[in-house]
Amino acid sequence: MRLKTSLLKESNHKELVSCVGWTTADELFSCSADHQILKWNLLTSMSCLVVKLPNDIYPTDLHWLPKTVGGLRQTQAEIFVLTSTDGKFHLVSKIGHIEQSVEAHRGAVLAGRWNYDGSALVTAGEDGQIKMWSKSGMPCSTLASQGSAVYSVTWSPDSKRILYTSRGWLFIKPLQPSEKVIQWKAHNGIVLKVDWNSANDLILSGGEDSKYKVWDSFGHLLYSSSAHDYPISSLSWAPNGEVFAVGSFNSLWLCEKSGLSYAMEKPNTGSVINLAWSADGTQLAGACGNGHVMLGHVVEQHWELKNCVVTLTKKGTMQVRNVMNDAVHALEFRGRVIKASLAYGHLVVATSLQCYVYNSSNWNTPLIFDLKEGKVRLIRQAEKHFLLVEGAGLYVFSYEGQLISSPKFPGMRADSLNAQGVSLSNDTIAIRDQSDEKVIILFNALSGKALGNKKPLTHTLKVVEIALDQCGPSTKRKIAFIDKNFDLYLTSFCHLGLKYKICKIGSMVHSMAWNDNANILCGIQDNQFTVWYYPSVVFTDKDLLPKTLHTKDSSEFSLCPHILSYVGTKVTLRQGDGSLLHSAVPPYPALLQEYIASSRWEDALRLCRFAKDKTLWACLAGMSLENRELNTAEIAFAAIGELPRVQYIKFIKNQPSKESSLAHMLLFSGHIQEAEATLLQAGLIYQAIQVNINLFNWGRAMELALKHKTHVDTVMACREKFLQKFGEKETNVEFLQYAGKIAINWNTIQTKIEMELSKERQTAANTSDRIVMATQH
């Protein structure tokens, strides 16, 4: 990936260009020290004068009032704020009329920024003050006062905090006076520029020490560049938060969000004073010290799938190369390519006008349909359909171009959704709530309706990344997520269920991905590559989970690798130095899951015997338990040396009734309440009481005995025997209450127990006979 830059042959500005700003993807405004505001038409490469400013106005910064709020278009006139060296800011209309000029600071106003809904404006000046203003230019408050000039200021993604500079420090100031200010030393020299991205919540800074740095919203350093030849004079995030641009003297870098530089350009521009991305994130404009306006667009993006490599060669041209036979196809598009995604045998390309859907088996005849707004920010694919985040909405389409659903939820801001916060499967959509990042909202992909009786999945900490598994029925759909402590959790939910069970399966996990055709999860765990062959085993037997992991030594990877995809047996990672690394995963776990899905248990056993891998046997043991295949489970547990579990499985197999067997299977998996409920529903009161006795849950055992008026003496006798074994005296008030009232006779108790078991065997036998007779008839 790189930026293809160009300069107009003849500059229409006579002095340095101080700021630029986009109105549409093909229209750009520039302001210069020559007092001119020019409008550029990128389709014709022509410019025209919008207005000639008074000679005492030297522009310093320009920012357009947001056209959309949460993806919805504003109804107000198009205006921009223009700050200048005379201590004023000016509200200027698109036709160049100065609507209002406001005395704001002593000395130059160095920066001005609208918040994300356009309801407030913040300015920073040479006098060291940061002030907030209403939309109409009325003063609201002085947010901070520093002892030195504030060169740059920006808003947080939620518009509730501001980020500003002072000397070599960065400050995050909440609008609420009671909240604490976060500050930290960022650079050795003066910090000249900052930017805070709404999609990834990351902060950029650049300064006179010739370095640019990436920070999280708590001030933790994520990346620091080496010192360049000249100070960093400009920087800007792309709207989607995937890349950013950095400008210096005759230098321009395109960087990945982690800080890695994709490419460097050396345009003859002098200092790049200001940078601005178009709303679709495909084009970049730069204000240059030599009076030029620099234009650039992103090219040479690559997408890979199995034997196909797709490359964006020009704005509207892609090249598809089959590496097996070296066949090449050229794909031409009417508009500029904004977004593309290649997965599940389909290439989905969104341009500024239309969406193109290609099948990888036929590159000649795409399916084409028009887009509503042509502002696609994100594409997510599943096997049967894909999701577009466009404008203010989310839209699920089939690969035949049919609109399937359009989920909505209160407070949805489609403009701030990113790949880490949206996941799609064949039946489910998962979205991290932007207003409360502890919440994950789940939708039915086919209807767009919320799941779980409209109750979202709520975690205790902020969720960083989410991912839905891709295989299996919707009733067994699972979602994995990483929280801000980098703990990895797995939860299974049913479309008819009201409750989510969340289990932790890993720590220090920085990146993850599900396999495209099997429910296998891989992740970077503390710089170690880990594969969870069967993560669902955590719901069946937590002790089996560590036995189902496959790990690779971290020495194979460089610092901070990131997983891009997990297709088939190949995992693609991008390392900290920018290089791509492919890691192979054995094919046996996916094949085992395929056998289990089709109930081919004998084939599964043969596969495990052939592979001779204890990890695979552990997976089979967990799958057998989940599917209640006790014979297979017994063999699998024996293969991994789990003899106590083998004995318990034999005990389960010898239970007199299916209800008892099911209850003990639930106990095996740790589902105590479900096991008790199963027994009570079947009328097996004694067995339910005995389960609680075996677990030393004496209070619940006595509660059941008293409620059903049976086996109170059994509970008392077992409790007495338990205390005698440890030489303790009874202290429980409830048991002391019945101690002198109920006689304990072990012979009587034993007789009652045998009668209960005999009755259960007889009931089971009668049920079996009825089933046989019904089958014969």
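This is a short talk on one chain, from its overall build down to a few loops and helix pairs.

First, a caution: what you see is a predicted model. Every value I give is computed from it.

Let's start with the whole chain. It has 777 residues, and 55% of them count as buried. The secondary structure comes to 13 helices and 57 strands. Along the principal axes, the C-alpha atoms fill a box of roughly 110 × 65 × 50 Å. Now contacts. Take those with a separation of 6 or more; 43% of them join residues 24 or more positions apart.

Two distances help with the scale. Look at Arg106 and Lys741. They sit 635 residues apart along the chain, and their C-alpha atoms are separated by 91 Å. Then take Phe218 and Met294. In sequence they are 76 residues apart; in space, C-alpha to C-alpha, they are 34 Å apart.

Now the loops. I'll begin with Arg106. Where is it? Arg106 lies between strand E11, residues 98-103, and strand E12, residues 109-114. Is Arg106 buried or exposed? Its relative accessible area is 61%, so it counts as exposed, since the cut-off for exposed is over 50%. Leaving out residues up to four places away in sequence, Arg106 touches Glu126 and Asp127.

Next, Ser159. This residue is in the loop between strand E16, 153-155, and strand E17, 161-166. Ser159 has a relative accessible area of 14%, so it is buried; the limit for buried is under 20%. What does the side chain of Ser159 reach? The backbone nitrogen of Tyr116, at 3.2 Å. Tyr116 also appears among the residues that Ser159 touches, together with Asn115 and Leu175, again not counting residues up to four places away in sequence.

On to Ser210. The loop here runs between strand E21, residues 203-207, and E22. With 7% relative accessibility, Ser210 counts as buried. Its backbone deserves a look. Phi of Ser210 is near 70 degrees, a positive value, and the residue is not glycine.

Asp326 has a positive phi too, about 65 degrees, and is not a glycine either. Its loop is the one between strand E33, 317-322, and strand E34, 327-332.

Back to Phe218 for a moment. Strand E22, 212-215, comes before its loop, and strand E23, 221-224, comes after. Phe218 is partly exposed, because its relative accessibility is 47% and that class runs from 20% to 50%.

The last loop residue is Asp280. You'll find Asp280 between strand E28, 272-277, and strand E29, 283-288. Relative accessibility is 14%, so Asp280 counts as buried. Which side chains does Asp280 pair with? One is Thr282, in a polar contact of 2.8 Å between the two side chains. Another is Arg336, where the polar contact between side chains is 2.6 Å. Arg336 is also on the list of residues that Asp280 touches, with Ala25 and Ile338, if we skip residues up to four places away in sequence.

Now the helices. H4 packs against two partners that I'd like to show you.

Partner one is H2. H2 covers residues 588-597, and H4 covers residues 614-626. How do H2 and H4 pack? Their angle is about 25 degrees, and their axes are 11 Å apart. Angles under 35 degrees count as roughly parallel, so H2 and H4 are roughly parallel to each other. The crossing is right-handed. From H2, the contact uses Tyr588, Pro589, Leu592, Gln593 and Ile596; from H4, it uses Leu616, Cys619, Leu620 and Met623. Sorted by class, that contact of H2 with H4 has eight nonpolar residues, one polar and no charged ones.

Partner two is H3, residues 601-611. The axes of H3 and H4 come within 9 Å and cross at roughly 160 degrees. Over 145 degrees counts as roughly antiparallel, so that is the label for H3 and H4. This crossing is left-handed. On the H3 side we have Trp601, Ala604, Leu605, Leu607, Cys608, Arg609 and Ala611; on the H4 side, Leu616, Trp617, Leu620, Met623 and Ser624. In the contact of H3 with H4, the residues split into 10 nonpolar, one polar and one charged.

To close, keep the two pairings in mind. H2 runs roughly parallel to H4. H3 runs roughly antiparallel to H4.

Terms used. Residues numbered from 1 in each chain as written. Predicted model: local features only at pLDDT ≥ 70, side-chain atom pairs only at ≥ 80, totals over all residues. Heavy atoms only, no water. Helix = DSSP H or I, 4+ residues; strand = E, 2+ residues; numbered from the N terminus. Buried < 20%, exposed > 50% of the residue type's maximum accessible area, 1.4 Å probe, protein only. Polar contact = N/O pair within 3.5 Å; in protein donor to acceptor, adjacent residues only side chain to side chain. Contact = heavy atoms within 4.5 Å. Axes fitted to C-alpha atoms, helices over the stretch in contact; angles between N-to-C directions. Parallel < 35°, antiparallel > 145°, perpendicular 65-115°, else oblique. Left-handed = near helix turned anticlockwise from the far one by under 90°. Nonpolar A, V, L, I, M, F, W, Y, C, P; charged D, E, K, R; others polar.
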